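Reader: I am new to reading protein models. Could you take me through one, feature by feature?

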Amino acid sequence: MNFIIGAFKPACHISVSFSDGKSRKQVPLKKENGQTLMVPLFQSQENILGKISIEPVSGKKVEHNGIKVELLGQIEMYFDKGNFYDFTSLVRELDVPGELYERKTYPFEFSTVEMPYETYNGINVRLRYVLKVTINRGYAGSIVEYQDFVVWNYTPPPAINNSIKMEVGIEDCLHIEFEYNKSKYHLKDVIIGKIYFLLVRIKLKNMDLEIRRRESTGSGVNTHVETETLAKYELMDGAPVRGESIPIRLFLSPYELTPTYQNINNKFSVKYYLNLVLVDEEDRRYFKQQEITMFRLAETS
Amino acid sequence: MLIANGIEDEDKWLAEGIAGIQHSAFYLHRALDSNNLREALKYSAQLLSELRTSRLSPHKYYELYMRAFDELRRLEMFFKDENRHGCPVVDLYELVQHAGNILPRLYLLCTVGSIYIKSKETPAKDVLKDLVEMCRGVQHPIRGLFLRSYLAQISRDKLPDIASDYEGEGDTFMDAVEFVLQNFAEMNKLWVRMQHQGSLREKEKLDKERNELRDLVGKNLHVLSQIEGVDLDIYRDTVLPKVLEQVVNCKDELAQYYLMDCIIQVFPDEYHLQTLETLLGAFPQLQSAVDIKTVLSRLMERLSNYAASSPEVLPDFLQVEAFTKLSNAIGKVIEAQVDMPIVGAITLYVSLLTFTLHVHPDRLDYVDQVLGACVKKLSGKAKLQDSRATKQVVALLSTPLEKYNNIVTALTLSNYPRVMDHLDAATNKVMAIVIIQSIMKNNTCVSTSDKVEVLFELIKGLIKDMDGTSTDELDEEDFKEEQNSVARLMHMLYNDDPEEMLNIMNTVWKYIMAGGSKRLPFTVPPLVFSALKLVRRLHGQDGDVAGEEVPATPKKIFQLLNQIIEALSVVPAPELALRLYLQCAEAANDCDLEPVTYEFFTQAFVLYEEEVADSKAQVTAIHLIIGTLQRMNVFGVENRDTLTHKATGYSAKLLKKPDQCRAVYACSHLFWVDDQDGIKDGERVLLCLKRSLRIANAAQQMVNVTRGSSGPVTLFVEILNKYLYFFEKGSPQITTAAIQGLIELIKTEMQSDSSTSNPASDAFFASTLRYIQFQKQKGGAMGEKYDPIKL
């Protein structure tokens, strides 16, 4: 038994460490198997450098046709699972063909790496960054090790950030005016606003503000759209009368939001909407959806 | 059945709610014990979610709320102690806002908010303002009311009032005022909105439920009144106008009624007095269904009591012209509320009147003004039919009587009778009786004919038949009672000056003449006696200077009396008239007016002859005539003879023998007046007695014939007593022999076999004999006189 297990065991142990691994911020990343693990966080134009150490299983020698490390930016579509599209691919050769008898450490460096897209785990699409170490072994099959990391890109606050103000209604039935203080929110922002009831002829039961994420993948006729409600926040309980104004104050920090992604590598887009939903006593829903732009603000700590 | 089910269901839902709270509370306590903030927030939100139910009536909801409230106190203790959860209060304030459901979120926010204020990390006003704003999210009336009531509760001791911990650094009591006012306004809106939830069928139930919640709203006003900083200026310039604005604009009768009352009860009287105009200005703007009269009445009642509490405040009332303002306000309210039933208007006037009497007891013109306003309101309308309205009018009219204890004061109020004109006949009577009773109770003397005129104008319901009421329906006893009151009243009309007194009587006569035959028998006698009193007074004065024009002479009065008594002929009431004539005759006799006296007797005799037909009445009448005539001393021989002759003639013509007998022996006194100058005609006395004896004999025989036994000897004994009387008075014609003979006669009669014994007459005779015996033994002149009589 031991023999068999030994046979399928990788012939060597590969580990990747970043040179600023101790001080670098770690963020959670959800794996395919559902587990969350903490991985280092980078942003575009950063230098990614570190060491890769390879240690053969004791007493064995590893013959190889060369060792390399790749930095890959990949997009995986779920309808085409397992098939990764690399939008970024950088390679560093670590060793020429030869034999390894004992533990050997290779430094590596990718300088000012262009990583324009953020790591993203959607419903139908996944964007990931990974370091891939390959020990090329010809017939025996290569030994491959992956090290994930997360990329977030920060945006400065927009110069122009208008409020969203709108009057909507159903004739002779319901007229409201709502206002959200901005059209662009950062991920830890607070939505402040109010809803003003101009005319109420229906018996409302309650009113919610929803945050919806619209993820569209593919293009043309193959476009696939998934909408997800990330937050459902009750703004009002009961039936207001004409002239009431209901305050909105929604803290975004508790929700797992990402910035708005526009046409990432022609593969997918992620958009955010605020959906104001009014429900009447017969459970009819009246809603108005309004796109907001999300962005990631550099954290000042 | 449906309703029963509803109640059962509600109990079930309440039980479920409580169970839910207990369940969450268990986990909450565990989280609190282990200082786990995240869990605490989770379970407290879950616990508070039970309050999201719509199925409970306010009453049951309150029960649920109180359970949650208790748990929130524990949570608050936990939040307060930063060491336990390690989260600064400012972060906590954000953290609780992450809750997805609004109701739990806001309860938690209020809870943390109170701690936030306490920490003084931020100005209290900012937190308060934020809380009161955020609570707008709950628009459901019951849930909203309880939430805001919770807010009011937890902020109560954290308001930045003067000298409180939270004053200063930009926080002033005005922020507290603003906060409470805003919360009040929002709560009122929610409360009013309940009205529009549900069908008309449920209106009654809704009203009941709303009434259960009203104190939640009113509590805010109470808090406002407790804020130290709210002095008169702030109250006048900020608090009152804002509160009134809410009250007026909500256009809800229930709320308006309750809140106006609340304002009046909660704030000091002094404030009300100084802001009267503003406060009163709101009344005409209220819904017409609001029971304004009660509220205004309470206001006036409070002000009345305030005025009564210390005399020092009275100048304030004058200074602010409280009466004028109230009066105007009432006028406007009545004008504005076209639908207000008349009873409402009158109730208001009653309150205003009470207020006036308390605050301005000296201002009769105010009282009259109130009555005048009332008349204006009533004028142009049919007589009042509404029993409650008439009751109020009676109250209105009675109030001044009670206050002044003097009808005379009321008589100077020109509008008083005009108000009475609007009452129906029955109420008019009630009021008239109240007036009379007031006079009687206070022994008020009405002393001029003018006042008498006014007074009779007021009580004319009793004095004459009113239009449209038939006297047939009247209860006989009630009628008597009423007329007796009028009769009693007449004795209260008095003036020392004879002339004025005569005027008074003329006035009274003018009124009672119109009373009709049913009333005259009640009203004439007191008037007659009152006149006779005056006659006697005039006579007693002796100051009559001949030649001088004196308006009130006995003669004139007698003329009047003649008229008055004559009026009874239409009734007819001959017996009464006869008695009155005799009374007049006596009075005239006392005044030495022979012709007048004679005239009265003539009238009496005429009545006797023509009108008194009943034999019993005749007997009574003849005895009255004899008695009166006997006392006359004014007559000359001729007149006297005529009258006595007539009297004896009538006596002998009575129907029954015993009556004849008695009348005739009574006539004997007409010829023997035991005065110095009195007539003493023994001859005719004897004649009378003999005649009566004959009649007695005849009577005895008649009894014998008809019954076969002789009647009692009573008549003989009576005659014997007359004999003895005149004997003692010294009439020479009455001899001992005659007496002796009479005694023997009686004894014989008594012993005859056929006589039936009669204990009464036997005893009478026996005691007469005993008297004779006694006189005999007494000795002296009388003894000697009696001596010859043998028993």
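Author: Let us start with a loop. B:Lys251 is found in the loop between α11 (232-250) and α12 (253-266) of chain B. Helices (H or I, at least four residues) and strands (E, at least two) are DSSP runs, numbered from the N terminus. This is a predicted model: local features need pLDDT of at least 70, side-chain atom pairs count only at pLDDT 80 or more, while totals for chains, interfaces and linings use all residues. Residues are numbered from 1 along each chain as its sequence is written, chains are lettered from A and ligands numbered from 1 in the order in which they are written, and side-chain values use heavy atoms, with hydrogens and water left out.

Reader: What is the phi of B:Lys251? Is B:Lys251 buried or exposed?

Author: Its phi is near 50 degrees, a positive value in a residue other than glycine. For burial, use relative accessible area: buried means under 20%, exposed over 50%, partly exposed in between (1.4 Å probe, protein chains only). B:Lys251 has 55%, so it is exposed. Chain B offers another case: B:Glu321 is not a glycine, yet has a positive phi of about 55 degrees. B:Glu321 lies in the loop between α16 (314-319) and α17 (322-336) of chain B.

Reader: What is the mean pLDDT of chain A?

Author: First the idea: pLDDT is the predictor's confidence in each residue, from 0 to 100. Chain A has a mean of 90, and 96% of its residues reach 70 or more. Over residues 1-6 of chain A, though, the pLDDT is below 50, and this stretch has 0 contacts in the model beyond near neighbours in sequence. Contact means heavy atoms within 4.5 Å. Where pLDDT is low, the predicted coordinates should not be read in detail. Chain B averages 85, with 94% of the residues scoring at least 70. The model as a whole scores ipTM 0.90 and pTM 0.73.

Reader: How many disulfides does the structure hold?

Author: A disulfide is a covalent bond between the sulfur atoms of two cysteines. The test is a pair of cysteine sulfur atoms within 2.5 Å. Over all chains, the structure holds 0 disulfides. Cysteines can still be read for burial. A:Cys173 is buried at 19% relative accessible area. B:Cys374 is buried at 0%.

Reader: Now strands. Which strand is joined to β1(A) by 7 bridges?

Author: Two strands pair if DSSP finds at least two bridges between them. The partner of β1(A) is strand β4 (residues 48-56) of chain A, and the two run antiparallel. One bridge sets A:Val16 against A:Ile52 in β4(A). Look also at the faces of strand β1 (residues 12-18) of chain A. The covered face has A:Cys12, A:Ile14, A:Val16 and A:Phe18; the uncovered one has A:His13, A:Ser15 and A:Ser17.

Reader: In which sense do β15 and β22 of chain A pair, parallel or antiparallel?

Author: Strand β15 (residues 184-186) and strand β22 (residues 285-295) pair in the parallel sense over 3 bridges. There, A:Tyr185 stands opposite A:Met294 in β22(A). Strand β21 (residues 268-280) of chain A also pairs with β22(A), in the antiparallel sense over 8 bridges. A:Leu274 stands opposite A:Gln290 in β22(A). The hairpin of β21(A) and β22(A) has 4 residues between the strands, and A:Asp283 takes a positive phi near 65 degrees in this hairpin.

Reader: How many aromatic pairs are there over all chains?

Author: Rings of Phe, Tyr and Trp (its six-membered ring) pair if their centres lie within 6.5 Å; planes under 30 degrees apart count as stacked, over 60 as edge-to-face and the rest as tilted. The search finds 40 aromatic pairs. One of them joins A:Tyr120 and A:Tyr261, edge-to-face, at 5.5 Å centre to centre and 80 degrees between the planes. A:Tyr120 lies in strand β10 (residues 120-121) and A:Tyr261 in strand β20 (residues 261-264) of chain A, so the pair ties together parts 141 residues apart in sequence. A:Tyr120 is buried at 2%, and A:Tyr261 is buried at 6%.

Reader: Where does the charged end of A:Arg128 sit?

Author: A charge sits over a ring if NZ of Lys or CZ of Arg is within 6 Å of the ring centre and within 35 degrees of the ring normal. The charged end of A:Arg128 sits over the ring of A:Phe84, 4.8 Å from its centre. A:Arg128 also lies over the face of A:Tyr146, at 5.5 Å from the ring centre.
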